[in-house]
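I opened this entry to look up where the ligand sits and what lies around it. My notes follow the structure.

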Amino acid sequence: MSYLEATNDLYKQAALTPDVGLCCTTNPVWQLPGLTIPTIMQEMNYGCGSTVSASDLVNNPKVLYVGVGGGMELLQFAYFSRQKGGVIGVDVVDEMLEASRRNFKIAEKENPWFNSNFVSLKKGSALDLPIENESIDVAAQNCLFNIFKAEDLKKAVKEMYRVLKPHGRLVMSDPVCEQPMNEVLRNDDRLRALCLSGSIPIKEYVKVLTDAGFGTIEIRARKSYRVLSPNHYPTDELIHIESIEIAAIKDPMPEDGPCVFTGKTAIYYGGEPYLDDKKGHILVQNQPLAVCDKTAAALAKVSEDIHISESSWHYDGGGCC
Ligand SMILES: C[S@@+](CC[C@H](N)C(=O)[O-])C[C@H]1O[C@@H](n2cnc3c(N)ncnc32)[C@H](O)[C@@H]1O
């Protein structure tokens, strides 16, 4: 059985018998006026962060969500789009599609504004999306891509890039790991399917996105996720897994390389009212400016009177590339 088949099997079981501890997120359940998340959707929250952000959801975007789980995030996306077929959910596991369909019916009863037809469910794989080219404004996946091995991950990201409109956004949450993982862990299909042994370092994850052509990357959150310890897993050392929330925007690739925002800020504190680097960045004295890592490195060479902060791993918009 391939690791993809093992993954399908695991999520078939997770659809038939909801498993509250399968994935665990420290994210609080969304509280918005008029939004009630049915208990069963909370029990089937198999994600590791949030991909839903109001700032991505202006102008009635067409949303694609790959790997539907119990449907919780699709309901949250539908809260913003509120139109027939506004959210398309794709999953490869029939039982998961069926479970989420049932959950949307429950959500209809608990949310007067919601109609099940706001979500259109399709069977298909992240590796070969049943979606037209350049038809999507916001594409999302939560805790699925980390399961994929390197070549499949590239394929899945390429598929998302294909279906997004120009300037469309791919929003994701996934576990990442900065430590090396041994081959026993890497090749354990069940641990991989459980989102425990497939994760890669943030730099590699970002490279897969920029190699696919995404010109802007935003790392929006970074949190502690799990520890694999020798007394529970086949490892000689403790392995710390984190989770990130990340957006990849289908902007054209800048000539000098992608803009990757990791939450760095530049503050000019020299003697002039402002500093102009003549490359489009004006730093007003003692005012923080969010900058991408590329610009942070360039500004550090322009003047000694600029403070560049460490990455906060919490970028929430604004600033300069
Ligand atoms: C870890 S769960 C995450 C579910 C959901 N995103 C959430 O946050 O609760 C992974 C989901 O991806 C689905 N899945 C697994 N392999 C897939 C594939 N190749 N293509 C599309 N969906 C897949 C599973 O059925 C399951 O719904």
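**Ligand shell and pocket**

I sorted the shell around the ligand by class and got 12 nonpolar, 9 polar and 1 charged residues. For the classes, Ala, Val, Leu, Ile, Met, Phe, Trp, Tyr, Cys and Pro count as nonpolar, Asp, Glu, Lys and Arg as charged, and the others, Gly among them, as polar. The model is predicted, so I noted its limits: local features need pLDDT of at least 70 and side-chain atom pairs pLDDT 80 or more, while totals for chains, interfaces and linings use all residues. Residues are numbered from 1 along each chain as its sequence is written, and side-chain values use heavy atoms, with hydrogens and water left out.

I listed 22 residues around the ligand (a heavy atom within 4 Å of it). The closest are Y46, Y65, G67, D91 and A126. Helix α1, residues 3-16, gives the largest share of this shell, 3 residues; a helix here is a DSSP run of H or I with at least four residues, a strand a run of E with at least two, both numbered from the N terminus.

Next I looked up polar contacts (pairs of N or O atoms within 3.5 Å). A polar side-chain atom of D91 is 2.7 Å from a ligand oxygen. For Y65, a side-chain N or O atom is 3.0 Å from a ligand nitrogen. S125 has a polar side-chain atom 3.4 Å from a nitrogen of the ligand. The protein covers 97% of the 600 Å² of accessible area that the ligand has on its own (Shrake-Rupley method, 1.4 Å probe).

I then checked the site: the ligand sits in the largest pocket, with more than half of its atoms within 2 Å of the grid points. A pocket is an open set of points on a 1 Å grid over the protein atoms alone, where a 1.4 Å probe fits, with protein on both sides within 12 Å along at least five of seven lines; lining residues have an atom within 4 Å of a point. I counted 31 lining residues, with Y11, G67, V68, D91 and L144 nearest the centre of the largest pocket.

Key:
A polar contact is a pair of N or O atoms within 3.5 Å; within protein, one must be able to donate a hydrogen and the other to accept it, and residues adjacent in sequence count only if both atoms are side-chain atoms.
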